[in-house]
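Student: I would like a close look at one part of this model. Please take a single residue and work outward from there.

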Amino acid sequence: MLDAFQPMKDWATEDDSKRILSIIEANMNKEEHQARFCAVKYANALFQFSDISSKYVCLMTVADEKLEIREEAKRGLTFPTARALEENSAAKKESMLPDFAKLLEMITVKSRSSQTRAEELHLKPTFGKAFIMGFPSEIFIHMLQFFRRLLITSADPDVIIEESSNEYEIQQFVFTPSTRTKVKAWLRNMWELDNQIDNEQKTLSR
């Protein structure tokens with residue numbers, strides 16, 4: 001039983017991880033709030049911050065009606081400190097951050113099924129709820145905020161974004177000209193890599 005509260009990387013196989021994630025995702029939308037809380041709690045306890053699936057669970061529950069679920073989801077979306085990122089980089093360990101492109105790809109895939117559910121909901125009374133790309137607007141806003149922080153931190157690991165920082169503070173005091181330059185370079189590199197992969201795939205398909 002003790003293993004259930006230890007990080008997955010210490011004891012689980014890849015198949016174990018997939019089965020557990022399937023159970024977590026099946027419970028994060030249950031009507032019973034206890035099931036939703038356990039889902040996000042285990043997503044945080046078992047998986048590292050860099051795991052994109054656990055980040056997806058936190059993003060989907062960060063606007064839950066229950067305070068304890070919202071707080072646990074926010075805890076799972078809290079970035080490592082700049083010092084922790086620096087020490088991890090110096091030790092040449094695997095990145096502590098989720099892969100921006102892979103997480104974005106996962107969100108895009110998930111949004112397709114979410115859009116189908118949203119269309120079904122539109123056939124019923126939704127009490128004024130708005131949906132963007134199939135996600136409730138409250139969740140979509142949190143997604144944009146998280147991706148912005150992930151983009152900045154991925155491009156400039158030295159930047160310090162306090163958890164209490166709001167979007168205005170990030171724009172005024174964090175997103176400095178130096179960081180902005182690094183973000184542009186990071187995006188340019190991502191764009192070039194994406195084009196390179198596309199060209200290689202086209203070559204192989206000939």
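Student: Does Arg-36 count as buried or exposed, and at what relative accessibility? Please take the surroundings of Arg-36 too.

Tutor: Keep in mind that this is a predicted model. Arg-36 counts as buried, because its relative accessibility is 7% and the cut-off for buried is under 20%. Its place in the fold is helix H2.

Start with the neighbours. Setting aside residues up to four places away in sequence, Arg-36 touches Asn-27, Met-28, Asn-29, Lys-30 and Glu-31, and also Asp-64, Glu-65, Lys-66 and Ile-69. One of these, Glu-31, offers its backbone oxygen, which lies 3.0 Å from a polar atom of the Arg-36 side chain.

Now the charges. Side chains of opposite charge can pair when their charged atoms come close. Arg-36 and Glu-65 meet through their side chains in a salt bridge, at 3.9 Å from N to O. This pair links distant parts of the chain, with the two positions 29 residues apart in numbering: Arg-36 sits in helix H2 (residues 33-46), while Glu-65 sits in the loop between helix H3 (52-61) and helix H4 (67-76). The two ends of the bridge also differ in burial. Glu-65 is exposed, because its relative accessible area is 67% and the cut-off for exposed is over 50%. Arg-36, at 7%, is buried. Asp-64 joins in as well: salt bridges with shared partners tie Arg-36, Asp-64 and Glu-65 into one network.

Set that beside helix H1. The whole structure holds nine salt bridges. Among them is Glu-14 with Lys-18, at 3.6 Å from N to O. Both residues lie in helix H1 (residues 14-27), four residues apart, or about one turn of the helix. Glu-14 is exposed, with 57% relative accessibility. Lys-18 is exposed too, with 52%. Another bridge joins the side chains of Asp-16 and Arg-19, at 2.7 Å from N to O. Those two are also in helix H1, three residues apart, again about one turn. Arg-19 counts as exposed at 51% relative accessibility. So there are two arginines to compare in this account: Arg-19 is exposed, whereas Arg-36 is buried.

Next, follow Met-28, one of the residues that Arg-36 touches. Met-28 is also in contact with Met-60, whose other contacts, leaving aside neighbours within four places in sequence, are Phe-135, Ile-139 and Met-143. Met-60 leads into the nonpolar interior. The largest nonpolar core has 44 residues, and Met-60, Ile-107, Met-143 and Phe-146 are those with the most contacts inside it. The elements giving two or more residues to this core are H1, H2, H3, H4, helix H6 (100-121), helix H7 (137-155), helix H8 (167-174) and helix H9 (177-205). H7 gives the largest share, nine residues.

Phe-146 has a second role in this picture. Together with Phe-49 and Phe-79, Phe-146 forms one aromatic cluster. The structure has five aromatic pairs in total.

Last, the cysteines. The disulfide count is zero. Cys-38 is partly exposed, at 40% relative accessibility. Cys-58 is buried, at 0%.

To return to the starting point: Arg-36 is buried in the model, contacts the Glu-31 backbone oxygen through a side-chain polar atom at 3.0 Å, and shares one salt-bridge network with Asp-64 and Glu-65.

Notes. Residues are numbered from 1 along each chain as its sequence is written. This is a predicted model: local features need pLDDT of at least 70, side-chain atom pairs count only at pLDDT 80 or more; totals for chains, interfaces and linings use all residues. Side-chain values use heavy atoms; hydrogens and water are left out. A salt bridge is a side-chain nitrogen of Lys or Arg within 4 Å of a carboxyl oxygen of Asp or Glu. Buried means under 20% relative accessible area, exposed over 50%, partly exposed in between (1.4 Å probe, protein chains only). Rings of Phe, Tyr and Trp (its six-membered ring) pair if their centres lie within 6.5 Å; planes under 30 degrees apart count as stacked, over 60 as edge-to-face and the rest as tilted. A disulfide is a pair of cysteine sulfur atoms within 2.5 Å. A polar contact is a pair of N or O atoms within 3.5 Å; within protein, one must be able to donate a hydrogen and the other to accept it, and residues adjacent in sequence count only if both atoms are side-chain atoms. Contact means heavy atoms within 4.5 Å. A nonpolar core is a set of buried Ala, Val, Leu, Ile, Met, Phe, Trp, Tyr and Cys residues joined through side-chain atoms within 4.5 Å.
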